[in-house]
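Hello,

Here is the structure we talked about. Please have it open while you read the notes below.

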Amino acid sequence: MTFFEAERLAINFGGIRALDGVSFRVDPGQVFTIIGPNGAGKTTIFNLVSRIYDPSDGRLTFCGEDITRVSPHEIPRRGIARTFQNIELFEHATVLQNVLLGRHAHRRSRFVEELLFLPRVRALELEHREAAEKVIDFLDLQRYRDSLIVNLPYGVRKVVEMARALCAEPKLLLLDEPSSGLSVEETEDMAFWIQDIRTLLGITVLMVEHDMSLVSAVSDRVLALNYGRPIALGTAREVQDHPDVIKAYLGG
Amino acid sequence: MRFAFKTSYAQDLGLFRDGVQRNAYIALFLALLVLPRLVPEYLGDLSLVFIYGLCGVSLMVLAGYTGLVSLGHSAFLGIGAYAHVYFAQDLGVPWVVAVALAAAVTAAAGVLVGLPALRMTGVYLTIATLAFALIIQEVFTRWDRVTGGLKGKPVQKAVVFGLPLGHEVSFYFLCLAFLIAGLWLTSNLLRSPTGRAWVAIRDSEVAAQSMGVNLAVYKTMAFAYSAGLMGVAGALFAHKIGFLAPDIFSVLLSIQFLLMVAVGGLGSLHGAVYGAVFVAMLPVVISQARDAVPVWLGQVFAVFGREAGRAVFSLVDRFVKQPGLEPGIFGLILVLFILFEPLGVYGRWRKITLFFSTFPLYKHATFKRQKSYMRSERLR
């Protein structure tokens, strides 16, 4: 059974073909990274996988099922969670509330039960809380638990966003530039966390990243894109040394 | 300064932060129980505060928590009021059932508004709900078989479970009970996945969607719930004013509700109630001031001689007796609030309590507003 596969993905924005014939496979337990210069279409792939955009062509398969036409809110229920490049947290809520929203895909209480806050809802809420606390513990967010997002520094927000995605207990985690805006030490922490997510939690990671030190530290496979077309696929070392990749980054 | 010492997750699920807060609310409840004896002359105004409180909670769910600003709530209130009176008086349905039916009809209307509203955001949605309010007001005028049209429709006193609640004191308690129930149900929703999903939609639709929130379902739900609450408020409102006419449910009423949640403080149930107190009591205060201020100023200026006092009195008196002064003062206060206290009355209240709880150490800059730098720090 294929775990995750994109076949000949393509999308047009007006007259611009932002992606053209992108195919790749992610195996379970891998860290798969997509690199490329600005505007290469990396985030567009993420938006296609989380179904915010409709592909003009191609197919997405996850756990043996075709998810090309699944509605966006169904995606986390199937086991795919994501973070955003520019941080899309709920700013006027606390870290805990943000993380708890990650549990939304596991909501089992009904509206009327919640209206009356029946014992079952209370029990389910405690269950969600326990799951959220495990993630908070895992990512060392305890001391920020009750602070509002607006009051937190950028680096912490990045981690909170990852915590929210992890709370959905995904099989596949999409990280959109996890290190952007982070300091050198924070980026190193991020590398450890990504490795832990893979080895300790057994979650497959698909990530978009610019920082080559982070990419080479954690990735099993790397795909390089330029102008919406794949130019190289292999290990971090192979891709970095690929003449087309060097050309794409340095010109010539 | 008190710190909530937490020892179990269940503590965060409670309705109150801690025992102190719970006791404060119990004290407030007891005070509200004896209030009719203390200020019998203001009972009618207090009932209106409770009804407006319910309206405020309703709009707070939609505007404050889900981020959908509506100008159509006067229509929901009207639908609730007319539906209740139609069921209870024309069809002879028992009172409680009539309220439930009014809530159901209004919630259904909320779904109808909510569905096309899914494709609209921000100011476009507000315009659409404004159009809805105008259309419904026209319906109230034309559909005279049910609404009595421009002639209006008299409302009889409420009879709940065979108990006539004609007296102002019993109506006061009825409204109080409904407000408490509304607050309880709403805070239950807000501490459940539904409430979190609403807040998520308000702060970032795309993130909410990527976490599994079905935008269509939850937005419609917010509209239906908000409208349903408004329907119940409408039923009480009908009894309160005793006579229904289409021009009562004008867009101005919607604006008043919006003012209520904005002045009270968007994004908190406290704010909804504070806003209701503000909006319902301000006319009372203004009308009192209208009589008192000229006399008072006249007395002050009388130190410059009797003539000066009389002149000031008649000048001020003529000014405050002008028609249309009330809406003017209303508007002025709203503008001042938005300028100086965007967090509303509730925000101000929190600042005051923080000042006293940290007394000698209060930092003036705690609530200082500053220009934001990061994209994600900007209010959207």
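**The sheet in chain A**

Strand S4 (residues 57-62) of chain A pairs with S5(A) in the antiparallel sense, over two bridges. One caution before going on: this is a predicted model.

At the end of S4(A), Phe62(A) stands opposite Glu65(A), which lies in S5(A). The two strands form a hairpin with two residues between them. Cys63(A) in that hairpin takes a positive phi near 55°.

S4(A) has another partner. Strand S1 (residues 4-13) of chain A pairs with S4(A), again in the antiparallel sense, over five bridges. Look at Ala10(A) there: its bridge partner in S4(A) is Asp57(A).

Put together, these strands belong to an open sheet of four strands. The order is S2-S1-S4-S5 in chain A, and the pairing is antiparallel. Which strands are at the edges? They are strand S2 (16-26) and strand S5 (65-66) of chain A, and each pairs on one side only.

**Two domains in chain A**

Chain A is divided into two domains. Domain 1 covers 1-79 + 170-252. Domain 2 covers 89-152 + 159-167. Taken over C-alpha atoms, the centres of domain 1 and domain 2 of chain A are separated by 27 Å.

How many residues of each domain are in contact with the other? Six residues of domain 1 of chain A are in contact with four residues of domain 2 of chain A. On the side of domain 1 that touches domain 2, five residues are nonpolar, none is polar and one is charged.

**Where chain B touches chain A**

Now the two chains. Contact involves 29 residues of chain B and 38 residues of chain A.

Which helices of chain B supply at least two residues each to the side that touches chain A? Helix H7 (168-190), helix H8 (193-203) and helix H9 (205-210) of chain B each do so. The largest share of that side comes from H8(B), with seven residues.

By residue class, the side of chain B that touches chain A divides into 15 nonpolar, ten polar and four charged residues.

If you want a place to begin, try the hairpin of S4(A) and S5(A) with Cys63(A). Then go to H8(B) on the side of chain B that touches chain A.

Best wishes

How values were computed: Residues are numbered from 1 along each chain as its sequence is written. Chains are lettered from A and ligands numbered from 1 in the order in which they are written. This is a predicted model: local features need pLDDT of at least 70, side-chain atom pairs count only at pLDDT 80 or more; totals for chains, interfaces and linings use all residues. Two residues are in contact if their C-beta atoms, placed from the backbone, lie within 7 Å. Ala, Val, Leu, Ile, Met, Phe, Trp, Tyr, Cys and Pro count as nonpolar, Asp, Glu, Lys and Arg as charged, and the others, Gly among them, as polar. Two strands pair if DSSP finds at least two bridges between them. Domain bounds come from an automatic or database domain assignment.
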